[in-house]
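Me: I would like a close look at one part of this model, namely the place where the two domains of one chain meet. Please describe that part in detail and then set it beside the rest of the structure.

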Amino acid sequence: MTNYRIGIDVGGTHTDAVILDELYNVISEVKSPTSEDVSSGIYQAMREVVKSSDVPVDKIQYAMLGTTHCTNAIVERKRLNKVAVIRIGAPATLAIKPLVGVPDDLKDILGKHMYIVRGGHEFDGREIVQLDEEHIYEIANEIKGHVDSVAITSVFSPVSNSHETKVAEIIGKVLGNDVALSLSSEIGSVGLLERENATILNAAIVDVARLTADGFVQALKKEGIHAKVFFGQNDGTLMSVEYTVKYPILTIACGPTNSLRGASYLTDKSDALVVDVGGTTTDVGVLISSFPRQSSLAVDIGGVRTNFRMPDIASIGLGGGTIVRINEQGDFEIGPDSVGHQLPKKGLIFGGDTLTTTDVAVALGKAELGNRELVSHLNLELLERIYDKMVELVEETIDKMKTSGDPVPVILVGGGSILFPTQLKGASEVIKPNSFGVANAIGSAISQVSGQVERIFSIDEFGREKTLELAKGMARQEAINAGADPDELQIVDLEDIPLAYLPGNATKIRVKAAGALA
Amino acid sequence: MRLIGKEEIENIAIGAALLGTGGGGDPYIGKLMALQAIEEYGPIKLLNINEVPDDALIVPSAMMGAPTVMVEKVPNGEEAVEAFNSIKEYLGKEVFATMPIEAGGVNSLLPLALAARLGLPVIDADGMGRAFPELQMVTFFLNGVSATPMVLSDEKGNNLLLNTINSVWAERIARTATIEMGGSVMLAIYPMDGKTIKASSISNILTLEEEIGRSIREAKRHNEDPIQEVLKLTKGHILFQGKVTDINRKTQEGFAKGTASIEGTHEFKENECFLHFQNEHLLAETKDKVLCMTPDLITVLDSDTGMPITTEGLKYGARCVIIGMPCDPMWRTPKGLEVTGPRYFGYDIDFTPIETLCGKESE
C-alpha cells in the first residue's frame with residue numbers, strides 16, 4: 001500500500017512544499033510566498049500541495065517541517081520565554097558575567113534572573129569546587145513563578161556534565177515539570193561564553209517551538225491529515241516534536257541544510273558544492289558524504305556569539321529578485337536588497353518598474369521567463385557587464401568554500417538558479433537537477449532520523465576500537481528507537497575526547513547514527 | 001595620563017590582534033574582562049612611560065597556560081589581585097602600576113582588566129611590541145631583568161611565589177604548576193623599578209594598538225581602504241597580496257607549525273608567496289626572494305575588511321594582504337636576534353631588516 005509524505009521548507013522569500021511517495025518520487029510541488037507570521041504561509045503551502053497532488057489525505061503518513069520560526073523570534077526579540085540563567089563555575093568565571101557582549105535589547109529581556117553558583121569542573125574532570133546545592137535551592141525558590149525556562153551551564157560540562165544534571169534535578173523538583181530546562185552540555189562544545197549564549201537562546205525559544213509544533217499539527221488535522229510530525233534540524237536529520245520543544249535551537253539554519261540534502265538526493269552526489277539561489281540571497285554549502293560540512297568557527301545568531309554545530313554556509317546578497325541600479329555614468333550596483341516574492345509584480349519582464357537580476361538574465365537570453373520584449377530597450381553591452389559581475393560573485397563564493405584549487409562538482413538549486421550558466425569557474429561540472437526549485441522541501445521530506453550517544457567510556461576496559469564499536473551500537477539502537485530503518489543506518493558523526501588524569505583512560509565519545517524512516 | 005574607556009578597549013583589541021602577528025591567543029576574552037572591569041570600577045588610567053618615577057615598583061601581568069582552558073574556565077578576576085598582594089608583601093613595597101609584557105593577543109588586554117580592579121594605572125609600554133611564544137622573549141630579558149620573583153594565582157585562591165635561578169627554571173616550574181592549578185593561571189612577573197622600565201620596554205604600544213584599531217574600524221564604517229592607514233601607523237610595507245591556495249599544518253613540540261601558499265593577485269599576479277608560521281607568522285618569501293622575517297612583524301589582513309587573520313583562521317580561498325612591519329630596534333641587536341631571530345626558530349638564514357628587503361631603507 002502506497003504511503004506519502006509532505007516536506008515543507010520555509011525560505012526568506014518562498015515557502016516550498018512537496019509531496020513524495022514512499023520511493024521519494026515527487027508527486028507534486030508548490031512555491032508559495034513566505035508570510036510575515038511564517039505560520040499562515042506554511043499552512044497555505046501545505047493545503048496547496050495536498051490539493052494539487054490528489055493524494056488521499058489518510059495516506060499521508062509523515063510531515064516534515066523546516067522552519068525559520070526560532071531564528072525569527074531571536075532576531076526580532078519577540079515571543080521569547082521568561083528565562084533564568086544559571087552558571088555553575090564560581091569562584092572561576094566571575095570576571096565575565098553571562099550575556100556580556102550580547103546586544104543590550106536582548107540582554108534586557110533575557111538577563112533579568114542571572115546567577116553564578118559555586119561548582120564546575122577542571123579540564124581534566126576534577127571538580128573546581130563542590131557544587132553549592134543549597135544555593136541552587138535558594139535560587140529555585142526565588143525564581144519560582146517568575147520564569148518558565150531555565151538555562152544551565154557548567155564549566156567544562158562537555159567533559160563532565162554531573163553538576164548540570166544535578167542542578168536540573170533540583171530545579172525540576174522545586175519548580176515542577178512545566179518549566180523547560182536547557183543544559184549546555186547537550187547544546188554546545190568547549191568555549192563557556194559561546195555555549196552559555198547558545199543555551200540561553202535555546203531556553204528563550206522553547207515556547208515559540210511549542211506553539212509552532214502545535215499549530216502545524218492542528219493545521220494538518222484540519223485537512224484530515226493525521227501524519228507523524230517531524231522537524232528538520234541543522235545537521236540534516238529529523239527531530240520528533242518532543243525533542244524539538246526541548247532543543248529548538250537545533251532548528252536554526254535547517255533551511256540551507258535541507259537544500260544541501262535535497263540537492264544531494266536529486267543528483268545522487270555525495271560530495272559536491274551546492275549553490276542555492278533564492279529570491280534574496282545565494283547560499284553556498286559543501287556536501288561531504290551527503291551531509292553538510294559543519295562550521296568550525298563561532299556563529300552569530302541575532303548578534304549573539306554561539307558555538308553550537310551549524311552548517312558552514314557562505315551567503316551573498318544575490319538572488320532572483322535582487323535589485324540592479326544603473327547610474328548616469330553607466331556604473332551599476334547589484335543589490336543587496338531584493339524585491340523578494342514581489343518579483344512577478346515588480347520585475348521589468350513582468351511589466352513592473354524595477355530592474356532585477358532576473359531581468360538582466362532574460363534580456364541576454366540566459367533564461368526564459370516573462371516578456372523579453374519589455375527589456376529589449378536596455379543596453380546589451382552594459383547588461384553583459386552586469387551579468388559577468390553576477391557570475392563572478394557566485395564563482396568567488398564557490399572558490400572561498402572549496403578546500404583546495406581542484407575543480408569540484410557544483411549543484412545549482414533554488415528558484416533563482418535559472419539565472420546562472422551551466423559552466424562556472426572552479427566547477428568540474430554544473431548540475432541542474434529536476435525539481436531544482438524545491439530542492440529544500442525535498443531535502444526536508446527525505447530527511448533521516450538519528451540517534452545520538454554521548455558519554456564517558458573507560459577505554460582501558462575494551463580498548464579504543466572495541467569501545468568505539470560499543471558506542472556506535474548504542475547510537476544505532478537510539479536511531480532505531482526513534483524510527484530508523486536498521487538496514488540503512490550510517491554513522492554520520494563521531495568524536496572522541498580523551499580526558500587526562502582520570503583512571504582507566506577515560507574518553508568522552510559522541511556518536512550519531514542516522515538512517516531513513518522504517 | 002589619560003583615561004581608557006570601553007570605546008578605547010574595542011580599538012585596542014583589534015590592534016592587539018594585528019600586532020599578534022597571527023598568534024597570541026584570541027583577544028576576545030581579555031576584551032570582555034576589560035569591558036566588565038570598566039563597567040564595575042570605571043575607566044583605566046594610562047600613563048606615559050615618562051610619568052613613571054625612577055624608583056616606583058612596576059609589576060607586569062599576564063596569563064599562562066592553554067588559551068583553550070581560559071575560554072572555558074574564564075578567570076575570576078581576583079586571582080591577579082592576590083598575585084599582586086603576594087608580590088607586594090614579598091618585596092615590601094607598594095606596586096605603582098602594571099603593564100602588559102606582550103602586545104599581541106589576549107595578554108595585551110588582561111593587565112587593563114586587572115588595573116581597573118586594583119585601581120592601579122597601566123603603563124603605555126610592553127616587553128615585545130608584538131606576540132612571541134616564550135617567557136624569555138621579552139626585551140626585559142635582554143636587559144638582564146629577572147622574571148622572578150613571580151607569582152602564579154588561580155581562581156581557587158592558590159598562590160605560588162617563585163624565586164628561581166634563571167628564566168628557564170621559572171618557565172619549567174611554572175608550566176608544571178599551571179597544569180596542576182587547572183591549566184590556566186594569572187601571573188605577576190618581571191617586577192622592575194621605573195628606571196629599568198624606561199631602559200628596557202617598548203613604549204606607546206597601547207596607544208599604537210588603539211590607533212590601529214580605530215583606523216580599521218573607521219575605514220570600515222566609511223567603506224575605505226584601512227590598510228594604507230595601518231601601514232602609515234606601523235611604518236609597514238605590503239609584502240604580498242593574493243589568495244590562499246594551500247595550507248600545510250603540523251603540530252610539533254607543542255607548536256602549531258605550518259606553511260601557507262598564497263597565489264598573487266593585482267600587482268603580484270604570476271607570483272607565489274610562502275608564509276611560514278609557528279603560532280606566529282615568522283617568515284614570508286617568494287620562490288626567489290625573502291620578503292620579511294622574525295623578529296620583524298608579519299601580519300595577514302583580510303583584503304575586504306582589513307581585519308587581521310590568525311594562523312588558525314587561515315584557510316583556502318581567503319583573499320588577503322600580507323604586511324610586514326619593523327620590530328623594535330632592541331630585537332635587532334645580536335642578543336635580541338639570538339632569542340627571536342630566524343635561526344632560533346630553525347630557519348637557516350641571517351636576519352635582514354624589512355626596510356632593506358623592500359629596498360626602502362631611506363624611508
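Reply: What follows treats the domain boundary, then one glycine, and then the wider setting.

The model is a predicted one. In chain B, domain 1 covers residues 2-203, and domain 2 covers residues 225-357. Taken over C-alpha atoms, the centres of domain 1 of chain B and domain 2 of chain B are 26 Å apart. Where they touch, 16 residues of domain 1 of chain B are in contact with 19 residues of domain 2 of chain B. On the side of domain 1 of chain B that touches domain 2 of chain B, the elements giving two or more residues are α1 (6-19) and α6 (139-142) of chain B. Of that side, α1(B) supplies the largest share, with three residues. Sorted by class, the side of domain 1 of chain B that touches domain 2 of chain B comprises nine nonpolar, six polar and one charged residues.

The glycine to consider is B:G23, which is located in the loop between α1 and α2 (28-41) of chain B. B:G23 counts as buried because 23 other C-beta atoms lie within 10 Å, and the cut-off for a buried residue is 20 or more. Leaving out residues up to four places away in sequence, B:G23 touches B:G104, B:G105, B:A131 and B:P133, as well as B:N279, B:E280 and B:T311. A further pair links distant parts of the sequence: B:G23 and B:I309 are 286 residues apart along the chain, yet 9.3 Å apart in space, C-alpha to C-alpha.

The wider setting includes a nonpolar core and chain A. The largest nonpolar core has 266 residues, and those with the most contacts inside it are A:I6, A:I205, B:L187 and B:I322. In soluble globular proteins, nonpolar side chains tend to be buried together. For A:I6, the contacts beyond four places in sequence are A:A17, A:I19, A:M46, A:V49, A:I60, A:A63, A:M64, A:A227 and A:A445.

Chain A itself contains 15 helices and 23 strands. Its C-alpha atoms fill a box of roughly 75 × 55 × 50 Å along the principal axes. The radius of gyration of chain A is 24 Å, which agrees with the value near 24 Å for a compact globule with 518 residues. Of the 518 residues in chain A, 51% are buried. Among contacts in chain A between residues at least 6 apart in sequence, 67% join residues at least 24 apart.

Note on methods
Residues are numbered from 1 along each chain as its sequence is written. Chains are lettered from A and ligands numbered from 1 in the order in which they are written. This is a predicted model: local features need pLDDT of at least 70, side-chain atom pairs count only at pLDDT 80 or more; totals for chains, interfaces and linings use all residues. Domain bounds come from an automatic or database domain assignment. Two residues are in contact if their C-beta atoms, placed from the backbone, lie within 7 Å. Helices (H or I, at least four residues) and strands (E, at least two) are DSSP runs, numbered from the N terminus. Ala, Val, Leu, Ile, Met, Phe, Trp, Tyr, Cys and Pro count as nonpolar, Asp, Glu, Lys and Arg as charged, and the others, Gly among them, as polar. A residue is buried if 20 or more other C-beta atoms lie within 10 Å of its own, exposed if 12 or fewer, and partly exposed in between; C-beta atoms are placed from the backbone. The radius of gyration is taken over C-alpha atoms; the globule rule is 2.2 Å times the number of residues to the power 0.38. A nonpolar core is a set of buried Ala, Val, Leu, Ile, Met, Phe, Trp, Tyr and Cys residues joined through C-beta atoms within 7 Å.
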